[in-house]
Amino acid sequence: MAWQPIDDPLNRTRFPVDPWALREVAFDGRDLGVTETLFAVANGYLGMRGNPEEGRAAYEHGTYINGFHETFRIRHAEDAYGFATVGQTMVNVPDAKVIRLYVDDEPLLATVADLQEYERTLDFRAGRLTRELVWRTPSGKRVQIRATRMASFTERHLALMTYELVTDRDAPVTLSSQLINRQDGEDEYHVCGPDAGNPGWDPRKTETFPQRVLEPVFAQADAVEQVGGSGAVRGGKGRGDGGGRDGIGNRGVFLGYRCANSGMTVTVGMVHELDTDNDFARTETVAPDLAEVRFTVRARAGVPIRLTKLVAYHSSRGVPAAELRDRCRLTLARAAERGVDGLVEDQRQFMERFWDRSDVVVRGQSATQQAVRWNLFQALQASARAEGVGIPAKGMTGSGYSGHYFWDSEIYVLPFLTYTTPSWARNALRFRYTMLDAARRRALELSEVGALYPWRTINGEEASAFYAAGTAQYHIDADVAHALAQYLRATDDVGFLEREAIDILVETARMWQGLGFMREAGRGGPVEFYIHGVTGPDEYTTVVNDNLFTNVMARSNLRSAARALELLKTNNEVAYAKAVVRLGLKPSEPADWLEAADAMHIPYDPSLGIHPQDDQFLQKEIWDLDSTPASKRPLLLHYHPLVIYRFQVLKQADVVLAQFLCSRDFTAEEKLADFDYYDPLTTGDSSLSAVAQAIMAAEVGYQELAQKYFSAALYVDLANLHGNASDGVHVASAGGVWSSLVFGFAGLRDSDGQLSFEPRLPELWEGIDFQLAFRGARLRVSLTPDAITFKLMKGPETKVWVRGRPVVVRPGAPAVVALRDQGPRLLGAPTARDITGALRADGSVITATVPTAAQEESAPAR
């Protein structure tokens, strides 16, 4: 077991329990990187880290656009044919969060200010970040401040900020609203904040650029077309030099850029309104990397000042920045017409609809409930408006993993989307379709047919420079196909299947057919289908023969493709004929895929009674994790890969994950035996691992262990359990929290288009409630210790299975199924001691050890 018990790891004097918000009631500048991530706002297209409005002290000033990236040539020390050649890195776009405050010409800086009151709130129902504080200035004045920030879900390209203050005495006040081009998220003064995060080498961090990335195209201030109407943002009361009103939409400031290598373009525009009964003046300064709109106010005691700032971001792979400026104008004009109150209400209604279909209620567990909703909110922020792009591993909350898309989204995020908001899942899968031509080219580079998706990418080209733990993970094809098949079963989206999805299934099946080969298993043995030279999800074991996860998922991929073609042929001959022509499909191909699937080699060791992770895995000795110092974890940061590869040790679940995803392919006894063997060998060095381990621990009966793994997934970012929350949210783990609850504790399985339940509610929990979208119906599921209840919220009657028995759920008639228990309950947890000393098939003894040279202090030089 990799984690210790976790009940509630948060400091509740600083982050109090609130089931509908994450609140910080005491400022602490020592972990700025983590809180910047935790309080980030995003909508799937645009994301802003939780930096304070006044700027300066930060781990990373971050504003990101999904898919907006720079390219660079990957320089291999020793190159070889087929290595990835062009890297991609998400670019930090101009930062519009900054609103600096000066009172008596003294700046507010949270890290050194005398803050008499402080509270920051990420409101899950409002979809909005709020910060409220009382600042005692160096001259003794008391300033009340309330700032809000929102990335709009209804206006994809829009961010809305407000900044309100009132002083207890007359004072000169300056508000400096800025738009800053910060390369690599650095401070504009090139100063790093003290103790702001966790600096140091880490392969999970993003690349930085030595040269300029965003080349200026224009910097200008001009009029923004005012759309008719009477929005609430209008009607400023300023009576400054020259008098009149400073209404929003009167003038805008625009900066336009082009990426030096990728050629992508971005334009940012901002407009303001200052609403106050104080006298004020407005000035503008516009330069290529800094635009400022400054308001100098003669503040009178008790007279409020409210600044509203609307910002529009538009990006493109090739449209000139000038055209994007026109789009920004349209966005800003429409937002001004709608008004602040209207935009805030639109956001609230959007969130209300989201929670209505997506919430998981954990009864009687307020701290857990808060953490669950924070994680679901992060999955929302990463995916809602990710239209035409993928779901980055860190969303738009940080620069970790360079903004790349991995298999994470298909396996851990898409189940949540498929069963709550299918249209968002479809968007993500359509993005994979748009990458299909690049995947075909990549397959050819690796001497394969069909299509091979890149292990990590933004633009569709392989960006992994380390092929052993990157390109060799061919299972990415099967992961995409798995998510696609799951979506199609749950939605019956025939149109998507006919036009695009079938192409993905066919081309990935072709890849497996070409990659593997038939061979007789020993003299006179059966002919089996083998897949050599691949890496599974466990990146601590690479380039092996017949990785079990890969083979099991490839088998599923092959069968899904054949079934989809048969379905198409039966239901729509015209669509089938078009697919045959479009794909050059040979009549024999589907039968060949089924033959390979049926003959797939699935490693099994009868002497140990388990499925080996690959054909050579059991020949290694066990890494003694219990004797490995905490200072040497995670292993990838302290040991050369070759050292790790020599041992039975897992970065994350591999066989265990396969047995969850392809549950019907394994018996209950096989699942328990494999979990007992692999769980003690799994380090959990990957944030993805806890989700699969929680689900399978619950299924096989380790209920207490399942809760511990669930907590590890639940708090991976909130409690910074992996020490790298500063680099952004672990989006896959956030989506996996939903899976842990629904697939784990509710026991949902969805093989072959059937919803079946084997409940495993934790012993001290009162119950959980959630909804599922399935084939046009919406089901509400309520699980308690003694029953599971299904209520049809809308749509046609639906059949589900509970512990093998069919249950028909009809409109107006909830179906209640009594439960005698919550499944088997096994005490304790598997340990490495249970494995050490066991005999391999050849009679040798399995031993446990640690690479001792790495642990010993080096002798002093003589």
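1. Lys651 sits in a loop of this predicted model, between strand E23 (647-648) and helix H13 (655-661). Is Lys651 buried or exposed? Its relative accessible area is 11%, and because buried means under 20%, Lys651 counts as buried.

2. The side chain of Lys651 has a polar contact, at 3.0 Å, with the side chain of Glu539. Glu539 also appears among the residues in contact with Lys651 once neighbours within four places in sequence are left aside. That list holds Asp538, Glu539 and Tyr540, then Leu636, and further along the chain Thr683, Gly684, Asp685, Ser686 and Ser689.

3. Pro680 is another loop residue to look at, placed between helix H14 (668-678) and helix H15 (689-700). With a relative accessible area of 6%, Pro680 is buried, because the value falls under 20%. Which residue, 154 residues apart from Pro680 along the chain, has its C-alpha atom 9.1 Å from that of Pro680? The residue is Asp834.

4. The two helices on either side of the Pro680 loop also pack against each other. The axes of H14 and H15 come within 10 Å and cross at roughly 130 degrees. H14 is therefore oblique to H15, and H14 passes H15 in a left-handed crossing.

5. Which residues form the contact of H14 with H15? From H14 come Lys671, Leu672 and Phe675. These meet Gln693, Met696, Ala697, Glu699 and Val700 in H15. By class, this contact has five nonpolar residues, one polar residue and two charged residues.

6. A second helix pair is H5 (residues 422-434) with H7 (residues 475-491). At what angle do H5 and H7 pack? The angle is about 145 degrees, and the axes of the two helices are 11 Å apart. The crossing of H5 past H7 is left-handed.

7. On the H5 side, the residues in contact are Pro422, Ala425, Arg426, Leu429 and Arg432. On the H7 side, they are Ile476, Val480, Ala483, Leu484, Tyr487 and Thr491. How many of the residues in the contact of H5 with H7 are nonpolar, polar and charged? There are eight nonpolar, one polar and two charged residues.

8. To locate these points on the model, start with Lys651 and its partner Glu539. Then find Pro680 in the loop between H14 and H15, and follow the left-handed crossing of H14 past H15. The left-handed crossing of H5 past H7 can be viewed last.

Key:
Residues numbered from 1 in each chain as written. Predicted model: local features only at pLDDT ≥ 70, side-chain atom pairs only at ≥ 80, totals over all residues. Heavy atoms only, no water. Axes fitted to C-alpha atoms, helices over the stretch in contact; angles between N-to-C directions. Helix = DSSP H or I, 4+ residues; strand = E, 2+ residues; numbered from the N terminus. Left-handed = near helix turned anticlockwise from the far one by under 90°. Contact = heavy atoms within 4.5 Å. Nonpolar A, V, L, I, M, F, W, Y, C, P; charged D, E, K, R; others polar. Buried < 20%, exposed > 50% of the residue type's maximum accessible area, 1.4 Å probe, protein only. Parallel < 35°, antiparallel > 145°, perpendicular 65-115°, else oblique. Polar contact = N/O pair within 3.5 Å; in protein donor to acceptor, adjacent residues only side chain to side chain.
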